[in-house]
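Me: Can you walk me through this one? I'd like to go over some charged pairs and then a pocket.

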Amino acid sequence: MTSETITADAAGTWTLGDLTVNRIGFGAMRLTGSAAFHLGTPSDRKRSIAVLRRAMELGVNHIDTAAFYFSSMRSANELINSALSPYADDLVIVTKVGPYRNYAGEWATSARPDDLRGHVEENLRQLGRDHLDVVNLRRMGQDSIAEHFGALAELREAGLIRHLGVSDVEPRHLAEAQAIAPVVCVQNRFGLDSRNPGTDEVLRICGEQGIAFVPFFAIAGEGGSHGATDGHDEEVLAVARAHGATPAQVRLAWTLAQGPHVLAIPGTGNPDHLAENVAAGALRLTDEERETLDSLRQKAG
């Protein structure tokens with residue numbers, strides 16, 4: 001399963017609006033250092049650029065990023081721009097807005113609706129683009145997202161954004177957004193280690209409506225922004241041994257097996273891990289293995 005001859009199209013494709021992407025994509029959060037944001041140590045710039053270019057060679061055509069993905073020395077958007085511009089015609093770059101970090105890297109007050117144009121324009125500037133393919137509104141705990149999503153819908157009408165998505169939402173927030181403008185994707189935390197009935201319902205709704213469901217921290221588990229978990233249940237290890245795969249690949253394969261509308265955006269600054277993540281798109285779990293892993297997740301909190 002670590003063969004570098006396996007490319008991202010092994011996982012199949014899905015659409016974000018009118019944009020077709022391979023179901024295995026790439027999350028840019030870990031490009032900036034050994035852990036996300038201000039955690040860990042800054043990455044080696046040449047290595048991060050090499051990882052991005054290798055991702056393209058392996059058929060990845062969906063990158064998830066944000067202007068607030070930066071460390072003391074690295075910016076994910078700047079790395080993407082430097083490594084991949086001029087961009088391939090089929091490359092889809094998805095950004096997100098809502099959270100905010102100041103120039104010192106500290107988390108500050110999340111964006112108000114009237115702040116969002118500036119956040120979108122900052123992503124455009126950093127990426128060197130005249131429009132953003134997809135912008136996700138990350139809900140920051142507010143009860144209603146209508147005003148924030150409405151502000152992004154106006155930017156979509158103005159041509160700065162092509163498609164819209166939402167993140168960290170419950171079913172009612174998805175419906176609230178859809179009453180304003182089309183939603184092409186939902187990003188929620190989802191994986192073997194986390195079980196949230198609301199997110200499970202969002203997953204089901206997305207499948208029924210043909211909306212892409214894009215989990216984050218599918219590999220990281222409880223490690224979250226600090227990186228992939230080192231703790232693996234025996235059930236995961238047994239499936240990995242049966243396929244000659246890594247536990248991370250099993251987690252990705254299980255995630256993709258939740259439905260054809262489910263995408264994966266594993267992130268890494270390690271070229272070897274990149275190849276392993278992409279190759280996971282070719283791993284097919286048996287019905288028995290899926291049932292075993294499903295049972296394991298039922299125990300998760």
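Me: Is Arg204 buried, partly exposed or exposed?

Reply: Arg204 counts as partly exposed, at 38% relative accessibility. Buried means under 20% relative accessible area, exposed over 50%, and partly exposed in between, with a 1.4 Å probe and protein chains only. This is a predicted model, where local features need pLDDT of at least 70 and side-chain atom pairs count only at pLDDT 80 or more, while totals for chains, interfaces and linings use all residues. Residues are numbered from 1 along each chain as its sequence is written, and side-chain values use heavy atoms, leaving out hydrogens and water.

Me: Which side chain does Arg204 meet in a salt bridge?

Reply: That of Glu201, at 2.4 Å from N to O. A salt bridge here is a side-chain nitrogen of Lys or Arg within 4 Å of a carboxyl oxygen of Asp or Glu. Glu201 is partly exposed too, at 30%.

Me: Where do Glu201 and Arg204 lie?

Reply: Both are in helix α6 (residues 197-209), three residues apart, which is about one turn of the helix. Helices (H or I, at least four residues) and strands (E, at least two) are DSSP runs, numbered from the N terminus.

Me: How many salt bridges in the whole structure?

Reply: The search finds 17. One of them joins Arg129 to Asp133, with the closest N and O atoms 2.9 Å apart.

Me: Are Arg129 and Asp133 buried or exposed?

Reply: Arg129 and Asp133 are both buried.

Me: And what does Arg112 pair with?

Reply: Asp114, with 3.3 Å between the closest N and O atoms. Arg112 is partly exposed at 48%, and Asp114 is exposed at 58%. Salt bridges link Arg112, Asp114 and Asp115 in a network.

Me: Switching to pockets. What's the volume of the second largest pocket?

Reply: About 370 Å³. On a 1 Å grid over the protein atoms alone, a pocket is an open set of points with protein on both sides within 12 Å along at least five of seven lines, and lining residues have an atom within 4 Å of a point. Points are joined across faces, edges and corners, and the volume is the space filled by probe spheres set on them.

Me: Which lining residues are closest to its centre?

Reply: Of the 18 that line the second largest pocket, Ala67, Tyr100, Arg101, Glu122 and Gln126.

Me: Which elements give two or more residues to that lining?

Reply: β5 (92-97) and α3 (116-127). The most come from α3, with six residues.

Terms used: 1 Å grid on protein atoms, 1.4 Å probe; cavity = no way out; pocket = protein on both sides within 12 Å on 5 of 7 lines; lining within 4 Å.
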